[in-house]
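Reader: I have a model to look through before planning my week. Could you take me through it?

Author: Certainly; here it is.

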Amino acid sequence: MPPDEDLHAVRDRLRLAWATRRVCGLVAVAMALRVDRLIALDDAGRIPRADAIRMALEAEAVALCVRPLPLP
């Protein structure tokens with residue numbers, strides 16, 4: 001895990017990938033919500049920062065694996 005990785009940056013990259021139709025919107029939105037939850041857990045001290053970052057990067061990886069469907 002990169003030492004300077006930031007949970008908010010991961011969420012922002014997910015939102016950008018969705019907005020630019022690089023990934024499936026449904027998956028990207030779900031993974032961004034997951035990262036939002038990780039941010040809340042981290043802020044509350046309920047999860048170690050390293051675990052939160054690892055899980056956020058996993059969520060980003062999942063989203064990047066699912067391409068968008070063609071437009072109708």
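Author: Trp 18, Val 29 and Leu 33 form a nonpolar patch on the surface, together offering about 300 Å² of accessible area. Such a patch joins nonpolar side chains (Val, Leu, Ile, Met, Phe, Trp, Tyr) within 5 Å, from residues with over 30% relative accessible area and no salt bridge, a salt bridge being a side-chain nitrogen of Lys or Arg within 4 Å of a carboxyl oxygen of Asp or Glu. Areas come from the Shrake-Rupley method with a 1.4 Å probe, and for residues only the protein chains shown count as cover.

Reader: What are these values based on?

Author: This is a predicted model, in which local features need pLDDT of at least 70 and side-chain atom pairs count only at pLDDT 80 or more, while totals for chains, interfaces and linings use all residues. Residues are numbered from 1 along each chain as its sequence is written, and side-chain values use heavy atoms, with hydrogens and water left out.

Reader: Where is Val 29 found?

Author: Val 29 belongs to helix 2 (residues 25-43); helices here are DSSP runs (H or I, at least four residues), numbered from the N terminus. With a relative accessible area of 35%, Val 29 is partly exposed, that is, between buried (under 20%) and exposed (over 50%).

Reader: And which residues are buried in helix 3?

Author: Ala 52, Ile 53, Ala 56, Ala 59, Glu 60 and Ala 63 are buried there.

Reader: Changing topic: is Leu 69 buried or exposed?

Author: Leu 69 is exposed, at 67% relative accessibility. Leu 69 lies in the segment after helix 3.

How values were computed:
Patch = residues over 30% accessible without salt bridge, like charges linked within 9 Å, V, L, I, M, F, W, Y side chains within 5 Å. Helix = DSSP H or I, 4+ residues; strand = E, 2+ residues; numbered from the N terminus. Buried < 20%, exposed > 50% of the residue type's maximum accessible area, 1.4 Å probe, protein only.
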